[in-house]
Protein chains: 2
Amino acid sequence: MKELSKLMGYSENTKVLDATLRDGGLVNDFFFPEDFASALYKANLKAGVDYMELGYKANKELFDPEKFGPLKFCDDDYIRSIVGDNMTDLKLAVMADVGRCNYKEDIHPRNESPFDMVRVATYVNTIPAAVDMIEDAAAKGYETTCNIMAISSGQQENHRIALEALCQTPVEVIYIVDSYGAFYPEQISRVVDTFMDVCAKYGKKIGMHAHNNQQMAFANTVEAVGDGVEFLDATYAGMGRGAGNCSMELLLGMLHNPKYYQFPVIDFIEKHINPLKKQGVVWGYDLQYMLTGILNQHPRTAIAFTKEGRDDYAAFYKEVVALD
Amino acid sequence: MKELSKLMGYSENTKVLDATLRDGGLVNDFFFPEDFASALYKANLKAGVDYMELGYKANKELFDPEKFGPLKFCDDDYIRSIVGDNMTDLKLAVMADVGRCNYKEDIHPRNESPFDMVRVATYVNTIPAAVDMIEDAAAKGYETTCNIMAISSGQQENHRIALEALCQTPVEVIYIVDSYGAFYPEQISRVVDTFMDVCAKYGKKIGMHAHNNQQMAFANTVEAVGDGVEFLDATYAGMGRGAGNCSMELLLGMLHNPKYYQFPVIDFIEKHINPLKKQGVVWGYDLQYMLTGILNQHPRTAIAFTKEGRDDYAAFYKEVVALD
C-alpha cells in the first residue's frame, strides 16, 4: 500500500506555513483584536512553525483602507510593530494577488522590509502577470511562491503549460490551491503527479493549500505530504474563508518532526480564536460550503448565505443546484 | 496511483447505514424530540439509505428506563410506532452490546420483530460472547454484523484471531470501529488489509464506522470504500458521541450510485438537527476530542470536559498528556 504520510518518520524538507492572518482575514476583513497578531507570532515561534503569512499587500487604490484592517495592506512599519526585527528562525511571508497589488511600488527590497517571502496568488489564466510579479520579488531578494488558485476548475494540460512557464522563473515553491474545497485525496494525488512531473525537472518544490468544504482539508494535506509535497499551509482552528483551512493543531499533531509543538496552538486557540468565535466571527464546515465544494463552484454564494445569517439550507440547495 | 474511491463509478455492493439515532443517542441519552425518529425514517427512505439503526437493545436491569429515552431499549412495539410495518427497501437495524444486552430474551425472532439486522458491538477481548450473540441472532433469522470497537488500541495478531473466530459464525459483516478517532487513512488501509486477508476467505463483508476526532471520519470512510469495504456507517450532520461520525451528507455527496439522494439529508438537518444544536446538544470536532484521538485514548475525558462546559483547552491538554 502507498505510504501516504510516512507516519512514523518525517522529512526535514517539510515546511509549515501559518496562514491564519491572511486567510482568516478574509473572514473579518482583517479587523483582528489589538494583540491578536503579536500573540500569534509568539505562538508560531513556540510551535516551531516555519513561515508565518501576515496578510496581503493589497493596492490601496482598489481597496479602501477605511474598510479593512491593516493586514490587508501589510505596510512594513505596521508589520514591524508586531514582529520587531524578527531575529528568529520564523520566516515572514506576505501575499500579493495578481491584479490587486501595486507590487513595483508597494513591495520594497527584502533588506528594507520585515518580509522574507512573497507569495503570488494567481489563477491559471493570469500566469504571465504572476511571472512578472515573481521576477520582481525575486529581484528584490525575496523567496517566492506561486499559489495557483481554483486548481479543481482547471484543465490538466493548462496546468502543465502554466507550470512550465513558472518553472522558468526563480520561484521556489508552486502551490496547489484547492480554493473550492472540491478535491478528495485521490484527486489531490493525481494533481500532485501532474505538478511533480514538471516541477521535479526544474527543482521546484510543491505546496498544498486546502479548504475544508468537504471536511477534507486535513486529509488532503496528509495525502499531499505522502505524495512529496513539502510546503503545507494551515491555520489555527482552520480559520479561513468559508469552510476554512487545514487546522494547524491537526497538522502539527500528525507531523513527527520534534521541532513542532502543538501546545502553543491549543493555548492560542483557547485565548484568542475561541473569543473571536464567541463574538460572532464565523467560519468552518457547514452545508452551504459542502454544496459549493461538491459542485466545484466558487464559495461566494455560500459566503453570502452565511453573511446574511440564513439557515434555510434546503432552499440554498435548490438555489445552487439551479445555478450549476 | 491507488483508486481510493473509484470516484466516477460505484459498486452495487456498497451499503449505507444511518446510525444517527444510535450513535447520536449517546449524545442526548436518547431523548429525541417526539417527531425526530419518524421524520428521520422518512428522510432515509427518500435518500435511498440502505439500513437504518434505531438504537440499542439495552438491558433494563443495567440501564434505568427512567434515565434514557426509549431508543436505548428499542422495544419492538415502540419501533412499530415509528416505522409501522416498514414495507419498504430500508432495512432496520438495532445494536446489542456485549455484556449490556439480555439478548436471549429481549431480541425476538425476526418474523415477530420490526428489525432486519442485529449489530453486535464488542471489544476484541469479548469475542466469544459476541459469537454467542451472533449465533443467537442468526438463529432467530436476522442479518448480523459484528462491530469490533477500539480497533486502534488492539494488536494486529489479536485481530486476526478474532476475525478467524467470527468467520466461523453466520455473521455477514465485520465492522472496523475507530472508536477513538485515532486513525489516518493509510492506517485504515492497513487495517482493511488485515481484515480482508481473513474475511475474503470466508466471504464475509467488511464495514467501516469512523469517528471525527481528527476530522478524518469522512476521509477514512472514503479510503475504506476504495479498499473494498462495503458497509458504510454515517450519521446526519455527523451526530454521534464526542467528535461525532462520518457525515451522511458528505457520504451521499461522494457515492455515485444514483439511488442515493442528498437533498432529504440537508432538509432533515435544517429542520431537525440544527434545532437540536440550538437547544444545546453538543457534538463534533473540537480540541479535546482531537487530543484523545491523537493519543489513542478513549474519549471519556474529552466527553466529560464537554459536559462540564469547560473551555480551558490548554489545561485539558496538560491533563491528558499527564494521563497518557
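**Group meeting: the barrel of chain A and its contact with chain B**

Good morning. In chain A, strand 4, residues 117-122, and strand 5, residues 143-148, pair in the parallel sense over six bridges. At this pairing, A:T122 stands opposite A:I148 of strand 5 of chain A. I should state at the outset that this is a predicted model.

As general background, strands of a sheet pair through backbone hydrogen bonds, either parallel or antiparallel. In chain A, eight strands form a closed barrel in the order 1-2-3-4-5-6-7-8, with parallel pairing. From one strand to the next, the twist averages 25 degrees. Helix 7 of chain A, residues 185-202, packs on the sheet and touches strand 5, strand 6 (173-177) and strand 7 (205-209) of chain A. The direction of this helix makes about 160 degrees with that of strand 6 of chain A.

I turn now to the interface. How many residues does each chain bring to the contact? Chain A gives 48 residues, and chain B gives 48 residues. Between them the chains bury about 4000 Å², with 64% of it on carbon and sulfur atoms.

Two salt bridges are found across this interface. B:K278 forms a salt bridge with A:D311, where the closest N and O atoms are 3.2 Å apart. Nine residue pairs are in polar contact across the interface, both residues being at pLDDT 80 or more.

Several helices of chain B each supply at least two residues of the side that touches chain A, among them helix 7 (185-202) and helix 13 (313-323). The largest share, seven residues, comes from helix 10 of chain B. By character, the residues on this side of chain B divide into 24 nonpolar, 11 polar and 13 charged. Thank you.

How values were computed. Residues are numbered from 1 along each chain as its sequence is written. Chains are lettered from A and ligands numbered from 1 in the order in which they are written. This is a predicted model: local features need pLDDT of at least 70, side-chain atom pairs count only at pLDDT 80 or more; totals for chains, interfaces and linings use all residues. Side-chain values use heavy atoms; hydrogens and water are left out. Contact means heavy atoms within 4.5 Å. Buried area is the accessible area (1.4 Å probe) that two parts lose on being put together, summed over both. A salt bridge is a side-chain nitrogen of Lys or Arg within 4 Å of a carboxyl oxygen of Asp or Glu. A polar contact is a pair of N or O atoms within 3.5 Å; within protein, one must be able to donate a hydrogen and the other to accept it, and residues adjacent in sequence count only if both atoms are side-chain atoms. Helices (H or I, at least four residues) and strands (E, at least two) are DSSP runs, numbered from the N terminus. Ala, Val, Leu, Ile, Met, Phe, Trp, Tyr, Cys and Pro count as nonpolar, Asp, Glu, Lys and Arg as charged, and the others, Gly among them, as polar. Two strands pair if DSSP finds at least two bridges between them. Axes are lines fitted to C-alpha atoms, for helices over the stretch in contact, and angles run from 0 to 180 degrees between N-to-C directions.
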